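Please look at the sequence and the three-dimensional model together, and keep both in view while reading the paragraphs that follow.

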Amino acid sequence: MSATLVRRRLTTLIVAVLIVLGSSTLDRAPAAAAGAVGYVRLAHLSPDTPEVDVYLSSPSGAVATKKFPGVGYGVVSDYLTLPAGVYAVAMRGAGSPESSAPVLTTQVTVEAGKAYTVAGVGQHADLGLRVLNDDLRLPDRGTAKVRIVQASIKSPVLDVSVATGSTIANGVRFASTTDYRAVKQGSWTVNFQQAGGGMTSSIKCALTGGNVYSLFVLDRPTGLTAELRTDAKRAGSLPVGGVETGAGGSQPTSQEPGLAVMSLLALLGVGYALSRVRRLRTRPV
């Protein structure tokens, strides 16, 4: 075979490889868009409301109805990964038939890449479902993000500070949520005091740089307390009550062995053709 003919075949092979790889890349784009997801978690934050059964359903039927039985005060679920769309959340008394009328209902519109907490808040007589927008954008390394979710009726208005005296938030009212605030990473002692004096409490928090947290203030039989939940973290396994983002954590990781095999075979073919060209060039005339 002449060197000219080998070069022609080599050129044709390279063009074919580029077409295959290019078309495969284009084919993957719609699949990634179709797999766009958001995140929803559920919380019971009404101190005087008994346990409830919580239902999450998709009016479009895209996702099977999910039931969370016997959810009590202070419980916060892990995030659910859901396709973007509209979802209904309903609360019924614990043990009530699914066919019974719900005590509360609301809808949440899930956008791709965004996260939400749907919480039962307020006193039982004035109970409501509220959708909180969770900002899971990761802060810089060395800095953490934290917010206060106030669910204590015994201390309806709180001032929150750290042991060094720095104020985190003043006048945080029952059934309200502060914005996220950036703080330096490290171990903190967070103090809670009822506005105007009175009940106080504190909690030690270890805040890791690059992570996002919610600090839930709750009434317990022993008094006022607070529970730190990880909303999102920079790296590692899925945290309790959170979803891993950053470092590619929220990106699809589907494997495509067929494409890898085709690429390998194509490269082997190119290598063989190049070796043929070298042999022809070095063959004596």
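In this predicted model, Arg92 lies over the face of the ring of Tyr55, at 4.7 Å from the ring centre. A second arrangement of this kind involves Lys145, which lies over the face of Tyr180 at 5.3 Å from the ring centre. Both placements fall under a cut-off that asks for the charged atom of Lys or Arg to be within 6 Å of the ring centre. As for rings paired with other rings, a search of the whole structure finds zero aromatic pairs.

Tyr55 also leads to another residue, because Lys67 is in contact with Asp53, Val54 and Tyr55 when its neighbours within four places in sequence are left aside, contact being taken as heavy atoms within 4.5 Å. Lys67 itself belongs to strand β3, which covers residues 66-71. Is Lys67 buried or exposed? Lys67 counts as partly exposed, because its relative accessibility is 46%, and this class holds the values between the limit for buried, under 20%, and the limit for exposed, over 50%. Along the chain Lys67 and Glu98 are 31 residues apart, while their C-alpha atoms are separated by 9.4 Å.

From single residues we can turn to the empty space inside the protein. Rolling a probe the size of a water molecule over the atoms shows where empty space is left. How many cavities of 30 Å³ or more are there? The count comes to two.

The largest cavity holds about 80 Å³ of space, and its lining is made up of Val146, Val162, Ile168, Val183, Trp188, Val190, Cys205, Leu207, Leu215 and Leu228. When these lining residues are divided by character, ten are nonpolar, and there are no polar and no charged residues among them. Two strands, β14 (186-194) and β15 (200-207), each supply at least two residues of this lining.

The second largest cavity contains about 60 Å³ of space. It is lined by 13 residues, of which Leu45, Val121, Val149, Ala175 and Ser176 are the closest to its centre. Here the lining divides into eight nonpolar residues, four polar residues and one charged residue. Strands β7 (115-121), β8 (128-134), β9 (143-151) and β12 (176-177) each supply at least two residues of the lining of this second largest cavity, and β9 gives the most, with three residues.

Definitions and conventions: Residues are numbered from 1 along each chain as its sequence is written. This is a predicted model: local features need pLDDT of at least 70, side-chain atom pairs count only at pLDDT 80 or more; totals for chains, interfaces and linings use all residues. Side-chain values use heavy atoms; hydrogens and water are left out. Rings of Phe, Tyr and Trp (its six-membered ring) pair if their centres lie within 6.5 Å; planes under 30 degrees apart count as stacked, over 60 as edge-to-face and the rest as tilted. A charge sits over a ring if NZ of Lys or CZ of Arg is within 6 Å of the ring centre and within 35 degrees of the ring normal. On a 1 Å grid over the protein atoms alone, a cavity is a set of points where a 1.4 Å probe fits but cannot get out, and a pocket is an open set with protein on both sides within 12 Å along at least five of seven lines; lining residues have an atom within 4 Å of a point. Grid points are joined across faces, edges and corners, and a volume is the space filled by probe spheres set on the points. Helices (H or I, at least four residues) and strands (E, at least two) are DSSP runs, numbered from the N terminus. Ala, Val, Leu, Ile, Met, Phe, Trp, Tyr, Cys and Pro count as nonpolar, Asp, Glu, Lys and Arg as charged, and the others, Gly among them, as polar. Buried means under 20% relative accessible area, exposed over 50%, partly exposed in between (1.4 Å probe, protein chains only).
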